Amino acid sequence: TALGGLQPHTVQACYWPETGDGLPIIGNIPNHPGAFIATGHSVWGILQGPSTGKAVAELLMNGSSACLDLSPFDPLRFQRYRFI
């Protein structure tokens with residue numbers, strides 16, 4: 001084998017959190033008042049995490065985000081596909 005007969009010490013499968021349109025989902029979860037989502041950043045989550053966190057914190061505290069326009073990431077954009 002490629003490992004020269006050695007057994008790997010860890011075997012895992014990873015989930016690739018990516019949306020159909022390639023944009024994250026950030027905002028209120030439809031039909032669930034007070035529930036929010038911030039997911040689907042693909043492999044960029046580690047880089048986009050701080051700005052997403054700030055935007056979601058503002059959304060939670062103020063009802064909207066001042067640091068980031070969240071409209072492109074609205075979960076309702078999938079409504080036409082009947083995912084939600």
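Buried means under 20% relative accessible area, exposed means over 50%, and partly exposed lies in between, with a 1.4 Å probe and protein chains only. The model treated here is predicted, so that local features need pLDDT of at least 70 and side-chain atom pairs count only at pLDDT 80 or more, while totals for chains, interfaces and linings use all residues. Residues are numbered from 1 along each chain as its sequence is written, and side-chain values use heavy atoms, with hydrogens and water left out.

**Exercise 1. Describe the order of the secondary structure elements and the overall dimensions of the protein chain.**

Step 1. Helices (H or I, at least four residues) and strands (E, at least two) are DSSP runs, numbered from the N terminus. Under that rule the protein chain has one helix and two strands, and their order, read from the N terminus, is β-β-α.

Step 2. The radius of gyration, taken over C-alpha atoms, is 18 Å for the protein chain, whereas a compact globule of 84 residues would have a value near 12 Å. The globule rule behind that reference is 2.2 Å times the number of residues to the power 0.38.

Step 3. The C-alpha trace spans about 55 × 30 × 20 Å along its principal axes, and buried residues account for 24% of the 84 residues.

Step 4. About 6500 Å² of the protein chain is exposed, with 60% of it supplied by carbon and sulfur atoms; accessible areas come from the Shrake-Rupley method with a 1.4 Å probe, and for residues only the protein chains shown count as cover.

**Exercise 2. Identify the residues of the largest nonpolar core and follow the contacts of isoleucine 26.**

Step 1. A nonpolar core is a set of buried Ala, Val, Leu, Ile, Met, Phe, Trp, Tyr and Cys residues joined through side-chain atoms within 4.5 Å. The largest such core has six residues, namely Ile26, Ala55, Val56, Leu59, Leu70 and Phe73. Helix α1 (residues 45–62) gives the largest share of this core, three residues.

Step 2. Contact means heavy atoms within 4.5 Å. When neighbours within four places in sequence are left aside, isoleucine 26 is in contact with Ile37, Ala38, His41, Thr52, Val56, Leu70, Phe73, Asp74 and Pro75.

Step 3. Alanine 38, which lies in strand β2, is partly exposed at 40% relative accessibility. With the sequence neighbours within four places again left aside, its contacts are Ile25, Ile26, Thr52 and Val56.

**Exercise 3. Which residues that are not glycine have a positive phi, asparagine 31 among them, and where do they lie?**

Step 1. Asparagine 31 has a positive phi of about 70° and is found in the loop between β1 (25–28) and β2 (36–39). Its relative accessible area is 71%, so asparagine 31 is exposed.

Step 2. Serine 42 also has a positive phi, of about 60°, although it is not a glycine, and its place is in the loop between β2 and α1. The relative accessibility of serine 42 is 16%, and therefore serine 42 counts as buried.

**Exercise 4. Set the separations along the chain beside the C-alpha distances for leucine 47, alanine 38, glycine 53 and proline 72.**

Step 1. Leucine 47 lies in helix α1 and counts as exposed because its relative accessibility is 59%. Leucine 47 and glutamate 58 are 11 residues apart along the chain, and their C-alpha atoms are separated by 19 Å.

Step 2. Alanine 38 and glycine 5 are 33 residues apart in sequence, with 42 Å between their C-alpha atoms. Glycine 53, in helix α1, is partly exposed at 37% relative accessibility, and glycine 53 and alanine 38, 15 residues apart in sequence, have a C-alpha to C-alpha distance of 8.4 Å.

Step 3. Proline 72 is found in the segment after α1, and its relative accessible area of 35% makes it partly exposed. Proline 72 and isoleucine 25 are 47 residues apart in sequence and 8.6 Å apart in space, C-alpha to C-alpha. Apart from neighbours within four places in sequence, proline 72 is in contact with Leu23 and Arg77.

Step 4. For the protein chain as a whole, 44% of the contacts between residues at least 6 apart in sequence join residues at least 24 apart.
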